[in-house]
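Please load the structure in your viewer, with secondary structure drawn and side chains hidden for now. The tour below proposes one selection after another and says what each one shows.

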Amino acid sequence: MSGALAGLRVLDLTTERAWLSGRVLADLGAQVTLVEPPGGDPARLDRRAGAPPGRTNPAWPAFNRGKRSVTLDLARPGARELFLRLARAADVVIESYERETLHGRGLGHAALSAVNPRLVLVSVTPFGRTGPYAGHAAADLVVAATGGAVWTNGDPDRPPVRISSGQYFLHAAAEAVVHTLVAVRHARRTGRGQHVDVSAQLATIRTLMNAVPGPYTDGSVVDRASFGAPGPGQPYRHLFGCRDGHVLATVPFGPGPAGYVGWLRDEGFLPPALAAYDAGRLGSPALAADDPSFPELLTGALAGYFLTETKVELTRKALARRLMVAPVNTVADLMADEQLAARDYFLTAGDLRVPGVWARLPASPLASAGHVAGPGADNETVWRDEAGLSAEELSRHRGEGTI
Amino acid sequence: MGGPLDGVKVWDASWVGVGPLTARYLAEYGATVVRTESTRSVDVLRKAPPFKDGVPGLNRSQFFADYNASKLGLGVNLSTDGGRRVAARLTAWADVVIEAFTPGVMDRLGLGYDRLRAVNPSLIMLSTSMNGQTGPRRGFAGFGTVLAAMSGFCELTGWPDRDPGSPYGAYTDFIGQRFAAVAVLAALEHRDRTGEGQHIDLSQMETGLMFLAPELVDHQLTGHVATRDGNRDRAAAPHGVFPCLPEGGRERWVAIAVTGDDQWTALRRALGEPAWAADPRLATLSGRKEQEDRLERALAAWTSARTVAEVVGTLQPEVPAGPVHDARGLQSDPQVAHRGYFRPQPHPVMGMTPYEGAQAELSLTPYRVTKAAPLLGEDNERVLTELLGFAADEVAGLVAEGAVEQVLD
């Protein structure tokens with residue numbers, strides 16, 4: 001068995017914003033080759049405040065495992081011809097330069113398709129390559145904001161917030177793979193490649209669910225609201241403290257209030273006021289509306305009980321009762337999660353464990369090889385065997401600092 | 001029609017978010033997608049707002065409609081005898097089946113992969129679920145809102161001095177749908193090459209964790225346990241959301257992210273070299289992180305006296321900055337408009353309504369929203385006769401025995 005994309009050749013020119021795209025293609029069996037500046041992409045290193053010099057950027061092994069690496073300084077004279085040698089033999093080129101770098105170097109889609117008509121060029125950028133914001137500077141926070149994913153989050157008494165870990169270029173990078181595979185299919189059938197131009201702003205809007213159509217359906221606009229507390233249409237609070245953190249419990253789901261009352265009874269935490277409710281009352285769909293004090297009575301009792309248990313135990317016990325309780329997991333919890341372990345989810349990247357087997361395709365499994373290539377590790381193979389440079393030419397380009 | 005997926009036939013037997021969105025990608029690149037539904041267990045999105053003009057109705061939710069554009073609608077109760085005959089025809093017809101029930105439900109309906117493959121040996125089936133088809137939590141059922149907590153995103157949203165928050169809605173659905181579409185397209189490639197189908201098992205939690213990969217690796221490299229930090233970022237400062245002058249009686253906010261020392265220099269210049277930014281220690285990230293509280297206050301004082309447009313106009317294109325849009329802001333954003341993201345389609349009940357469109361532009365084979373979402377069972381006649389080959393009297397029989405359903409208002 002081999003990967004679904006075995007034989008597909010991809011040149012990966014991306015910045016950190018879109019490393020994920022090539023990682024996903026490599027997982028599917030494509031041969032993905034990073035093209036880095038000589039000496040290696042500076043983003044291999046952790047540049048956060050306080051990071052010691054030389055420490056690895058954690059995103060590097062996570063998103064660049066399973067790729068080959070060659071070096072090429074695209075800014076040097078002669079580099080364009082060298083890159084076109086690679087492009088002749090490639091199916092896909094992916095880039096995520098902030099400005100029109102490839103086009104400016106004479107390597108836009110027209111130039112690439114002149115040497116290889118079936119080549120698919122993929123651009124992953126904040127706003128797309130066309131339009132009034134195409135030249136704007138951006139960052140995850142700015143993409144999140146302009147895509148509507150900040151306005152809806154956070155407490156009303158403070159500014160709205162993003163997710164505290166970069167997300168929205170990852171949405172764009174994953175989205176890019178969908179459209180790349182469509183373009184690859186078209187190229188395979190017709191011999192004609194094309195330009196795939198992905199906008200992270202639009203990929204962000206797609207995450208907003210029913211908050212998007214309000215203005216053109218019922219006139220509504222979703223504003224941020226404190227998370228976990230009861231609110232309109234949501235009589236039960238759903239965020240609770242527990243022994244080692246927090247859990248979310250959604251009372252109106254599955255067996256509903258009766259299920260929770262039974263659970264409290266079995267655990268010895270059922271207060272007399274709740275014990276007075278019979279099955280008929282607990283099963284009534286109008287319970288919270290008819291008896292406005294009930295939600296606080298139930299969730300108050302749950303809050304007391306939950307404080308005595310861990311996230312893992314509460315999740316297990318609720319699952320056995322078909323109740324929807326989920327842990328508010330930290331990254332440490334996730335690395336130890338029993339479901340992920342049972343499914344052998346994590347892959348390796350050197351001696352690190354990285355996510356992961358994102359889908360099970362039994363006839364064409366994701367690649368398990370977890371090699372993380374050093375800068376230019378594949379220069380000899382690629383430049384000599386595949387691009388056809390002689391030993392002398394390779395040596396000269398190295399001496400000039402181009403490779 | 002016409003598109004790279006021309007000729008691909010998809011039975012969308014799923015519901016809610018990930019499954020329908022995955023099928024929609026396929027529809028808009030040319031696949032023929034039949035979405036099956038039943039009035040016995042209506043897709044919860046048909047009952048979820050926002051409704052056209054605020055009036056509830058099975059065919060009035062744009063939440064549902066948006067995820068099901070460009071598909072044909074077949075109303076069928078699969079637990080009836082007639083429904084099983086329709087399912088057998090759909091199975092033989094389809095290249096791809098998409099389902100999103102709690103693991104085990106399809107088997108109980110007699111529609112597990114092994115049964116379907118007996119009818120159609122090269123069938124591709126996507127099963128998308130919260131936690132996957134195997135393992136101790138395979139039976140975990142629920143909505144994406146709780147999966148955001150289980151997958152680490154609630155811990156990472158909000159303020160360090162407060163309880164966890166959450167990204168809006170079923171956040172992980174919008175990671176899952178992308179990987180699900182990739183998996184189906186990859187399986188089609190594999191099938192084109194080998195003739196072999198397969199049953200894809202996709203856990204939405206497992207796709208969600210791909211977006212926390214850097215944090216999971218950082219934990220192993222440094223021991224750090226990532227948590228929520230408002231809008232701050234360990235690799236950038238200042239980095240926040242700042243108040244602007246209210247407009248139309250609504251608060252307004254602007255996002256500003258200084259992600260490099262050169263951008264700090266550009267920010268100072270754009271602001272006219274204010275005294276509060278003159279300290280030479282601010283030239284480095286670590287210097288700015290040390291004085292981040294003070295910088296945020298000074299920047300907020302500057303933004304508070306200006307409109308969002310003035311702030312963004314002053315800072316771009318050198319300093320990353322942009323409006324914090326609400327849903328109306330998305331409708332009036334010139335970039336969103338330029339990209340043609342919202343695409344109106346006529347709907348028999350809701351009238352002309354915008355549909356969310358392409359997040360990517362393809363220069364040769366653009367993504368096409370071909371029609372509004374189907375009413376429940378809107379295309380019964382066409383699907384049963386033209387696509388599945390039932391004779392007219394057989395269709396009448398299916399209707400008479402209640403196997404086929406339709407709600408047209």
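Begin in chain A with a pair of facing residues: select Gly241(A) and His246(A), which stand opposite each other, the latter in strand S8(A). Keep in mind throughout that this is a predicted model.

**The hairpin and its sheet**

Next to that pair, select Cys242(A), which stands opposite Gly245(A), again in S8(A). Now widen the selection to residues 239–242, strand S7 of chain A, and residues 245–250, strand S8 of chain A, and you will have two strands that run antiparallel and are joined by 4 bridges. The connection between S7(A) and S8(A) is a hairpin of 2 residues. As background for reading such a pairing, strands of a sheet pair through backbone hydrogen bonds, either parallel or antiparallel.

Which strands complete this sheet, and in what order? The sheet is open and consists of 3 strands of chain A in the order S7-S8-S9, with antiparallel pairing. Add residues 324–327 to show S9 of chain A, which stands at one edge as S7 does at the other; each of these two has a single partner strand, so one side of each is left without a neighbour in the sheet. Looking from one strand to the next, you should find a twist that averages 30°.

Two helices of chain A can now be added to the view. Residues 294–306 form helix H14, which packs on the sheet by touching S7 and S8 of chain A, and whose direction makes about 30° with that of S7(A). Residues 311–320 form helix H15 of chain A, which lies across S7, S8 and S9 and runs at about 160° to S9(A).

**Two helices within chain A**

Leave the sheet and select residues 19–27 and 168–190 of chain A, helices H1 and H7, whose axes come within 7 Å and cross at roughly 40°. H1(A) and H7(A) are therefore oblique to each other, and their crossing is right-handed. To see the contact itself, show the side chains of Leu20(A), Ser21(A), Val24(A) and Leu25(A) on H1(A), together with Leu170(A), Ala173(A), Ala174(A), Ala176(A) and Val177(A) on H7(A). In composition the residues of this contact comprise 8 nonpolar, 1 polar and no charged.

**Where chain A meets chain B**

Keep H7(A) selected and bring chain B into view. How many residues of each chain are in contact with the other? The answer is 121 residues of chain A and 127 residues of chain B. On the chain A side, the largest share, 13 residues, comes from H7(A), and that side as a whole divides into 71 nonpolar, 35 polar and 15 charged residues.

The partner to select for H7(A) is helix H7 of chain B, residues 173–194; the two helices pack at an angle of about 25° with their axes 9 Å apart. H7(A) and H7(B) are therefore roughly parallel to each other, with a left-handed crossing. From H7(A), show His171(A), Ala174(A), Glu175(A), Val177(A), Val178(A), Leu181(A) and Val182(A), which meet Phe174(B), Ile175(B), Arg178(B), Phe179(B), Ala181(B), Val182(B), Leu185(B) and Ala186(B) of H7(B). The residues of this contact divide into 12 nonpolar, 1 polar and 2 charged. Note that Ala174(A) and Val177(A) appear in this contact and also in the contact of H7(A) with H1(A).

For another link between the chains, select residues 195–199 of chain A, strand S6, and residues 360–362 of chain B, strand S12, which pair in the antiparallel sense over 3 bridges. Within this pairing, Asp197(A) stands opposite Glu361(B) in S12(B).

**Chain B on its own**

Finally, hide chain A. Chain B has 17 helices and 12 strands, and its C-alpha atoms fill a box of roughly 85 × 50 × 40 Å along the principal axes. Of its 409 residues, 59% are buried. Among contacts in chain B with a separation of 6 or more, 69% are between residues 24 or more positions apart.

A last selection is residues 18–28, helix H1 of chain B: is this helix mostly covered or mostly exposed? Helix H1(B) is mostly covered, with 11 of its 11 residues buried, including Arg24(B) and Glu28(B) as well as Val18(B) and Leu26(B). Just past this helix, stop at Gly30(B), which follows H1(B) and has a positive phi near 115°.

Terms used: Residues numbered from 1 in each chain as written. Chains lettered and ligands numbered in written order. Predicted model: local features only at pLDDT ≥ 70, side-chain atom pairs only at ≥ 80, totals over all residues. Pairing = 2+ DSSP bridges. Axes fitted to C-alpha atoms, helices over the stretch in contact; angles between N-to-C directions. Parallel < 35°, antiparallel > 145°, perpendicular 65-115°, else oblique. Left-handed = near helix turned anticlockwise from the far one by under 90°. Contact = placed C-beta atoms within 7 Å. Nonpolar A, V, L, I, M, F, W, Y, C, P; charged D, E, K, R; others polar. Buried ≥ 20, exposed ≤ 12 C-beta atoms within 10 Å, placed from the backbone.
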